[in-house]
Amino acid sequence: MDDAPETRTESPPNAWVAGGVLVALGLVAYAGVAWLLSSAAQSRTTVTEARPSLAVPFGPDRVPLETLQLHKAGFAYDCDECHYDRVRDRTPRTFVGEHSKLEFDHGRNDRCFNCHHETELTSFVTAAGDVLPSTDHVKLCAGCHGTQHRDWLGGAHGRRSGFWDRSVGTLRRTDCIVCHDPHRPAFRPIEPLPPPGVAVGPVHPPLEPHGAVQQILRTPPVVEPDTLRGPAPAPDEDAP
Amino acid sequence: MSQDAPNGPLLDPEEGTTRRNFLKAAAVTTAGVGAVAASLAPLRELDATFDKEAWLQKHYHELTPAEMDKVLARLEDEAKAEYGVDVTVRDVKPKAKTKYAYALNLGVCVGCRRCAYACEKENNTSRAPGKQYIRVLEMEQGGIDLETANHQYDPETVPQPGKFYMPVQCHQCDKPPCTKVCPVNATWKEPDGIVVVDYNWCIGCRYCEAACPYWARRFNFEKPVLNPADMNTDTAYLSNRPRPVGVMEKCTFCLHRVREGRYPACLEACPTGARAFGNVYDPKSEIRYILENKRVFVLKEDVGTLPNFFYYFDA
């Protein structure tokens, strides 16, 4: 009766040793299988620097506005060719003659010479009546739209692109008249892009439902197009 | 031989290696090895599709630079094999002393969805159906009623009278509920504030999608459908590299762009300039100007997520 308890107390370590041997053998077997499955292609070294940057122009095409394009072109015409001997009338609130194509809707600012100088026609006029070069159109707008100008300088108004980090690259900031037609500054309604869930552009044909498993196994399902549809209607069958 | 009991130990040390003990151990060992081999048999059937390195890849935080280079090279090879496009996959690290924030002026947003489609193109999200990170909500003017908001609006032109539009994307919260619920730590918040997903670590349980109060996470129920000719080949591991099926994805503020100093794609696409972005630690940044001078608010402030995405109304 003295020997039996001794063998009982020694049995657990022996079982652990046997289990450990089994686990080790299993790991060896797994490593062998993984080595067999691994392809000959081992890791390759790649150069991670000097990757090309993506230069994709973002943003929608603007609404082609004839007048706006004229302004963006930089006033490449001379007003005095027509206006050299005209008596300037301060009263008209509509565009006539050569200007009839312009659309005018600038709120209470409805006089030509509020912005254009009366005698220096290729220049603008400040609120004090001074001549403002045509290149200073931002200042001209800021004369009335001071809060917008302040926000534009601060970053809360206007489109931006390029680099937010000035130490890396340059920030591109649009001027007022890039987005706003000075004669009709309000934005026009634009067409929205389609709601989500609608495919746009050329894409692969959509996958079959529950195609995830197929894709994991990388065996694309072969589905005949005809099996996706019901039987063809009879020739003499009328639509309901 | 007096201690030879039927229920005795497998190997009796006092007995030494006897024929009986040896046969016992050999039988058990053979059975064990056979069982292990049988359990691994399905791996053999995967053969060509089984990628050992992808299977045994470590967590993003445990990869050494050399291992990360191997992973990136492998991902580029996979993209080349899948789409036939030379995609570069980088691991863009966060900048020091930088925390990103976003501001959106609801007063000038017209709801044209240009941002959502620019994002789709930039981030290689699935095209069929369109899996867009940005969801633009159309709401009645006078209040922010998310329950009656419509994100499927499709009028001829926008903005419609009496409506306003609120784009919603990942808010990169300072207390992100999505990362808390991840059971495998496949999503986390980076030092610069961006919440990212390791697509190779995600198990696709979608807990994070359920936890997000802004519906900012998207799940790849199927393999993403991409047009190889339209793919963005400048990708990063944590943002816009081609994703496998069955993983979560989300807006990362265009991590691969902003960590190089560039603006996010959605910002550059906005035709009205409603979006602003920058480093809140920089007192001269645009985002700081807005946060200091505009009356900004966050969406669902009551849920306590502390978003880094701010809205404001301004002319």
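**Two domains and one alanine in chain B**

Tutor: In this predicted model, 16 residues of domain 1 of chain B are in contact with 14 residues of domain 2 of chain B.

Student: Which elements supply at least two residues each of the side of domain 1 of chain B that touches domain 2 of chain B?

Tutor: They are α3 (65-83) and β1 (88-90) of chain B. With five residues, α3(B) gives the most to that side.

Student: What classes of residue make up the side of domain 1 of chain B that touches domain 2 of chain B?

Tutor: There are nine nonpolar, four polar and three charged residues there.

Student: Where do the two domains of chain B begin and end?

Tutor: Domain 1 covers 52-90 and domain 2 covers 100-312. Their C-alpha centres lie 25 Å apart.

Student: Now let's pick one residue. Where is Ala236(B) found?

Tutor: Look in strand β8 of chain B, residues 234-236.

Student: Why does Ala236(B) count as buried?

Tutor: Good one! The cut-off for buried is 20 or more other C-beta atoms within 10 Å. Ala236(B) has 22 C-beta neighbours inside 10 Å, so Ala236(B) counts as buried.

Student: What makes Val89(B) a contact of Ala236(B)?

Tutor: Two residues are in contact if their C-beta atoms lie within 7 Å. Leaving aside neighbours within four places in sequence, the contacts of Ala236(B) include Val89(B), Arg90(B), Leu255(B) and His256(B).

Student: How many residues apart along the chain are Ala236(B) and Cys115(B)?

Tutor: They are 121 residues apart along the chain, and their C-alpha atoms are separated by 20 Å.

Methods: Residues numbered from 1 in each chain as written. Chains lettered and ligands numbered in written order. Predicted model: local features only at pLDDT ≥ 70, side-chain atom pairs only at ≥ 80, totals over all residues. Helix = DSSP H or I, 4+ residues; strand = E, 2+ residues; numbered from the N terminus. Buried ≥ 20, exposed ≤ 12 C-beta atoms within 10 Å, placed from the backbone. Domains from an automatic or database assignment. Nonpolar A, V, L, I, M, F, W, Y, C, P; charged D, E, K, R; others polar.
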